[in-house]
Amino acid sequence: MAQQLKIAVLISGSGSNLQAIIDAIAAGTLHATIQVVISSRPDAYGLTRAKQAGIPTVALSHKNYPDAAAFDRALTHELLQSGAEWVVMAGYMRLLTSRVLDAFPNRVLNLHPALLPAFKGAHAIRDAFEAGVATTGVTVHIANEEYDCGPILAQREVPILPDDTLEALEERIHATEHELYPQVLVQIAAGRLP
Ligand code: GRF
């Protein structure tokens, strides 16, 4: 049986990918425990999802810290304290500094709604849609100190259809994310890191 993966999930918003991970654990397909959910925004709906699932939560607002280094010191403390072995970013909208990354070497994952290295940045779905490409998709990668740049672990294509709308494409991208991210975690739990 796959080992129990201990993860911390970092969020900033809705947390639908957090929900997909919670659901995969509840369904018994992902052998993991979410040690803590940490949000960079106190009003993130993902915190409610975590509380409903009985997962410990922490809200850290950068406004309470003098600079990014102090913020990441607090974040690293919370992550280490939680007992997590892997850090899973799911819609976390801040860049991690080396303090966090060094505490979890090659064990910080990010999810991006495009086929990296294409369409990096915060508006990847819209950028791909407006560029008129035939195919975009979803990427799971190891995070480093540059946005959307670390080694790629898994990708899944999502076609852009001739009569697509941005909203329809967003829906299919998110549905694809909700499948792919838990699947990558299942592989990691089984010791089969791609
Ligand atoms: C996802 O599209 C993810 O790829 C991006 O942010 C979004 C988070 O959505 N990094 P949610 O908060 O998981 O619903």
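Buried residues are those with under 20% relative accessible area, exposed ones have over 50%, and partly exposed ones fall in between (1.4 Å probe, protein chains only). Helices (H or I, at least four residues) and strands (E, at least two) are DSSP runs, numbered from the N terminus. The structure is a predicted model, in which local features need pLDDT of at least 70 and side-chain atom pairs count only at pLDDT 80 or more, while totals for chains, interfaces and linings use all residues. Residues are numbered from 1 along each chain as its sequence is written, and side-chain values use heavy atoms, with hydrogens and water left out.

A good place to begin is helix H1. This helix spans residues 16-26, and its buried residues are Asn17, Leu18, Ala20, Ile21, Ile22 and Ala24. An α-helix has 3.6 residues a turn, so residues three or four places apart point the same way. The cover over the buried residues of H1 includes strands S1 (5-11), S2 (32-39), S4 (86-89) and S5 (108-112), together with helices H2 (45-52) and H6; contact here means heavy atoms within 4.5 Å. Just after H1, Gly28 adopts a positive phi of about 85 degrees.

Stepping back to the whole chain, there are 6 helices and 7 strands. Along the sequence they follow the pattern β-α-β-α-β-α-β-α-β-α-β-β-α. The radius of gyration is 16 Å, close to the 16 Å that the globule rule gives for 194 residues, so the chain is as compact as a globular protein of that length. That radius is taken over C-alpha atoms, and the globule rule is 2.2 Å times the number of residues to the power 0.38. The C-alpha trace spans about 50 × 45 × 30 Å along its principal axes. Of the 194 residues, 46% are buried. Among contacts with a separation of 6 or more, 62% join residues 24 or more positions apart. The chain exposes about 9300 Å², of which carbon and sulfur atoms supply 51%; accessible areas come from the Shrake-Rupley method with a 1.4 Å probe, and for residues only the protein chains shown count as cover.

The interior can be followed through its nonpolar cores, each a set of buried Ala, Val, Leu, Ile, Met, Phe, Trp, Tyr and Cys residues joined through side-chain atoms within 4.5 Å. The largest core has 39 residues, and Ile7, Val9, Ile34, Val37 and Leu109 touch the most other members. Helix H6 (residues 166-189) gives this core its largest share, 9 residues. A second, separate core of 19 residues includes Val36, Val58, Phe71 and Leu101. Leaving out residues up to four places away in sequence, Val9 touches Leu18, Ile34, Val36, Val37, Ile38, Val88 and Ala90.

Trp86 lies in strand S4 and, at 7% relative accessibility, counts as buried. Beyond four places in sequence, the residues that Trp86 touches include Leu5, Ile7, Leu109, Ile142 and Ile188.

Strand S6 (residues 135-142) holds Thr136, and Thr139 lies in S6 too. Thr136 counts as buried at 1% relative accessibility, and Thr139 does so at 0%. The side chain of Thr139 reaches the backbone nitrogen of Leu116 at 3.0 Å. This is a polar contact, a pair of N or O atoms within 3.5 Å; within protein, one must be able to donate a hydrogen and the other to accept it, and residues adjacent in sequence count only if both atoms are side-chain atoms.

Some backbone features also deserve a look. Most residues other than glycine have a negative phi, and most peptide bonds are trans. Leu116 and Pro117, however, are joined by a cis peptide bond with omega of about 10 degrees. Pro117 lies in the loop between S5 and helix H5 (124-131), and Phe119 lies in the loop between S5 and H5 as well. Phi of Phe119 is positive, near 55 degrees, and this residue is partly exposed at 24% relative accessible area. Asp148, in the loop between S6 and strand S7 (152-159), has a positive phi of about 60 degrees.

Finally, the ligand is surrounded by residues with a heavy atom within 4 Å of it, among them Ser14, Gly15, Asn17, His112, His174 and Glu177. One ligand oxygen atom is 2.8 Å from a polar backbone atom of Gly15. A polar side-chain atom of Asn17 also lies 2.8 Å from an oxygen atom of the ligand, and an N or O atom in the side chain of Glu177 is 2.3 Å from a ligand oxygen atom. The protein covers 84% of the 370 Å² of accessible area that the ligand has on its own.
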